[in-house]
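Trainee: Could you show me how to read the features of a model such as this one, starting from the annotation and working down to a single residue?

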Amino acid sequence: APCRSVLTVACEQTEVLLFDPISSKHIKTLSEAHEDCVNNIRFLDNRLFATCSDDTTIALWDLRKLNTKVCTLHGHTSWVKNIEYDTNTRLLVTSGFDGNVIIWDTNRCTEDGCPHKKFFHTRFLMRMRLTPDCSKMLISTSSGYLLILHDLDLNKSLEVGSYPILRARRTTSSSDITSSGSSGPRAVGSPCHQNNSGPLSEKALSRPSQREGGSPRNSLEVLTPEVPGERDRGNCITSLQLHPKGWATLLRCSSNTDDQEWTCVYEFQEGAPVRPVSPRCSLRLTHCIEEANVGRGYIKELCFSPDGRMISSPHGFGIRLLGFDAHCSELVDCLPREASPLREIRSLYSHNDVVLTTKFSPTHCQIASGCLSGRVSLYQPKF
């Protein structure tokens with residue numbers, strides 16, 4: 001929770017566990033939170049949180065009354081994997097393996113659910129994130145693409161051809177871009193395809209008008225981020241996180257054959273508004289490190305520290321704390337001209353199985369990690 005009063009844990013079965021992170025005591029088990037695996041938990045404020053599941057639903061909960069759900073949200077048709085929340089508009093944003101990003105209006109929530117609409121669709125969707133200021137949406141795919149929606153407007157649903165497209169580096173062809181089809185967790189190919197077979201024309205790229213003094217709303221950029229060692233092979237972006245100050249994105253990538261894993265940091269390259277027909281690349285690889293590649297096929301969720309100076313990354317049966325340099329400096333103070341290795345600050349091992357997730361406390365010097373066999377570990381540095 002934002003106030004650090006409770007640590008919630010999403011479990012492979014149907015359970016959600018709640019702990020007191022200070023005393024490490026178990027508070028409560030929501031034994032039938034869902035009808036299938038619980039995948040993600042997101043706090044809306046200090047008492048309300050949302051869970052999502054492979055049962056295709058999202059559930060809202062209130063810490064003050066955990067015996068029943070606030071409501072259950074129906075709208076996805078496949079496993080729901082990610083939850084984001086726009087604190088400005090109080091819109092809940094979810095994504096799943098059906099390829100859909102759905103917006104839920106929590107301002108008008110009842111026991112029967114919330115009004116919702118499909119915002120975006122892309123093939124092979126894996127993870128979706130909002131930047132801290134909610135000005136961008138990033139979507140990763142199992143086919144190695146990273147989609148960025150710039151100047152985000154969540155109130156406008158994006159249909160095929162309704163958004164401007166920004167040409168991007170290392171994209172195989174401009175005809176890869178639009179939105180229809182089904183998703184798959186391990187497919188290879190372009191993220192989207194267009195109804196007509198020919199490449200997009202300059203006229204089509206320029207169709208939506210720009211707002212005065214800026215880029216069009218919801219401009220779509222499609223990237224295939226550079227991954228060390230993967231220049232000649234496809235890769236899957238399995239985990240996606242954002243720097244708490246919005247400076248960079250953090251990716252966990254694996255090769256399509258699962259024989260290599262990398263943690264990569266990409267700096268956002270912002271500049272003057274770019275015309276839709278101009279080449280553009282918003283990300284630059286600044287730091288990376290090869291991972292242990294233990295537990296092939298499982299997704300490992302990594303994270304930034306609240307100040308953005310460190311990264312906690314699942315590493316075999318433990319976690320590694322990584323920095324941009326040996327002094328845990330700010331990213332902006334140690335940007336290299338070419339991609340540099342992340343520095344290992346400390347390794348922590350306390351599990352008997354593959355660690356799949358790790359999270360920093362938002363307010364204290366504490367880290368949590370969870371492994372495949374269900375063990376949760378809490379770490380607190382001693383001074």
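Mentor: We will take the annotated repeats, the nonpolar cores, one sheet and one residue in turn, keeping in mind that this is a predicted model.

Trainee: Which residues does the "repeat: WD" annotation cover?

Mentor: In the UniProt record, an unreviewed entry, that annotation covers residues 31-64 and 73-105. In the model, residues 31-64 are 0% helix and 53% strand, with end C-alpha atoms 17 Å apart, while residues 73-105 are 0% helix and 64% strand, with end C-alpha atoms lying 11 Å from each other.

Trainee: How should I read a nonpolar core, and which residues of the largest one touch the most other members?

Mentor: As a general idea, nonpolar side chains in soluble globular proteins tend to be buried together. Here the largest nonpolar core has 19 residues, and those touching the most other members are V93, V101, F119, F120, M137, I139 and L154. At least two residues of this core come from each of β9, β10, β11, β12, β13, β14 and β16, and β12 gives the most, with 3 residues.

Trainee: What is V93 in contact with, beyond its neighbours within four places in sequence?

Mentor: With those neighbours left aside, V93 is in contact with N82, I83, E84, V101, I102, I103, M128, L130, M137 and L154. Apart from the largest core lies another, of 17 residues, including L146, V227, I237 and C264.

Trainee: How do I read a sheet, and in what order do the strands of the open one with 3 strands stand?

Mentor: In general, the strands of a sheet pair through backbone hydrogen bonds, in either a parallel or an antiparallel manner. In this open sheet the order is β26-β27-β28, with antiparallel pairing. Because β26 (355-360) and β28 (376-379) each have a single partner strand, they stand at the edges, and one side of each is left without a neighbour in the sheet. On average, and with direction ignored, neighbouring strands of this sheet are turned by 20° against each other. Between β27 (residues 367-371) and β28 there are 4 bridges, and I367 has Y379 in β28 as its bridge partner.

Trainee: Finally, is T57 buried or exposed?

Mentor: T57, which is found in strand β6 (residues 57-62), has a relative accessible area of 6%, so this residue is buried. The side chain of T57 also makes a polar contact, at 2.7 Å, with the side chain of D55. Not counting residues up to four places away in sequence, T57 touches H34, T51, C52, T72, L73, H74 and V80.

Definitions and conventions. Residues are numbered from 1 along each chain as its sequence is written. This is a predicted model: local features need pLDDT of at least 70, side-chain atom pairs count only at pLDDT 80 or more; totals for chains, interfaces and linings use all residues. Side-chain values use heavy atoms; hydrogens and water are left out. UniProt positions are given in the numbering used here, feature names are shortened, and annotations may be inferred rather than shown by experiment. A nonpolar core is a set of buried Ala, Val, Leu, Ile, Met, Phe, Trp, Tyr and Cys residues joined through side-chain atoms within 4.5 Å. Buried means under 20% relative accessible area, exposed over 50%, partly exposed in between (1.4 Å probe, protein chains only). Contact means heavy atoms within 4.5 Å. Two strands pair if DSSP finds at least two bridges between them. Axes are lines fitted to C-alpha atoms, for helices over the stretch in contact, and angles run from 0 to 180 degrees between N-to-C directions. A polar contact is a pair of N or O atoms within 3.5 Å; within protein, one must be able to donate a hydrogen and the other to accept it, and residues adjacent in sequence count only if both atoms are side-chain atoms.
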